[in-house]
Amino acid sequence: PTQSAPVNQQIIRELEKFTTDLNRAMAQRDRAALERLLADEFHFVHAFGYADDKVTFIAEALEGPIPPSRPFRVTENMRLHADGNLVVVTNPEGRTATGSRAWATAVYARRGDRWQLLLRQGTEMN
């Protein structure tokens, strides 16, 4: 965001709930919930160099276990920026599916009365 500001506590609580809801939807293989939580333009750029769109990500989540996201907790090293209805989170404390350290980025958009995930990206840190 060009004119970003610190994210307020209400938005942090909403993103905490969002992450809990997303993890539950993936664990329960709940297609309808995943469709609501992920934006149509959603992309997941994996730390290993490939990307999934919304359709592919949901198909993979329904086929087998995808490791859940860590609970959304603000840490000292995270950077959160808000610009209207958009929040960008960068976190150098992320993890890949294999447990390697990764720089993680997530972009959330408020659409109507709910948040949707636009982008999740990880870069493995060697």
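## Exercises on a pocket and the cores

H1, H2 and E6 each supply at least two residues of the lining of the second largest pocket. The model is predicted.

**Exercise 1.** Describe the second largest pocket by its volume, its lining and the character of that lining.

*Solution.*
1. Start with the volume: the second largest pocket holds about 300 Å³ of space.
2. Count the lining: 15 residues line this pocket. Nearest its centre lie Lys17, Phe18, Asp21, Leu37 and Arg114.
3. Assign the lining to elements: H1 contributes the largest share, 6 residues.
4. Sort by residue class: 9 lining residues are charged, 5 are nonpolar and 1 is polar.

**Exercise 2.** Find which residues of the largest nonpolar core touch the most other members, and which elements supply at least two residues of this core.

*Solution.*
1. The largest nonpolar core has 25 residues, and Leu22, Val87, Tyr108 and Leu117 touch the most other members.
2. At least two residues of this core come from each of the helices H1 (9-27), H2 (31-37) and H3 (54-63). The strands E1 (38-45), E3 (79-83), E4 (86-95), E5 (101-111) and E6 (114-124) also each supply at least two.
3. H1 gives the most, with 7 residues.

**Exercise 3.** List the contacts of Leu22, leaving out residues up to four places away in sequence, then look for a second core.

*Solution.*
1. With a contact cut-off of heavy atoms within 4.5 Å, Leu22 touches Leu34, Leu37, Leu38, Leu117 and Arg120.
2. A second core of 5 residues is separate; among its members are Ala39, Val88, Val107 and Leu118.

Technical notes
Residues are numbered from 1 along each chain as its sequence is written. This is a predicted model: local features need pLDDT of at least 70, side-chain atom pairs count only at pLDDT 80 or more; totals for chains, interfaces and linings use all residues. Side-chain values use heavy atoms; hydrogens and water are left out. A nonpolar core is a set of buried Ala, Val, Leu, Ile, Met, Phe, Trp, Tyr and Cys residues joined through side-chain atoms within 4.5 Å. Buried means under 20% relative accessible area, exposed over 50%, partly exposed in between (1.4 Å probe, protein chains only). Helices (H or I, at least four residues) and strands (E, at least two) are DSSP runs, numbered from the N terminus. On a 1 Å grid over the protein atoms alone, a cavity is a set of points where a 1.4 Å probe fits but cannot get out, and a pocket is an open set with protein on both sides within 12 Å along at least five of seven lines; lining residues have an atom within 4 Å of a point. Grid points are joined across faces, edges and corners, and a volume is the space filled by probe spheres set on the points. Ala, Val, Leu, Ile, Met, Phe, Trp, Tyr, Cys and Pro count as nonpolar, Asp, Glu, Lys and Arg as charged, and the others, Gly among them, as polar.
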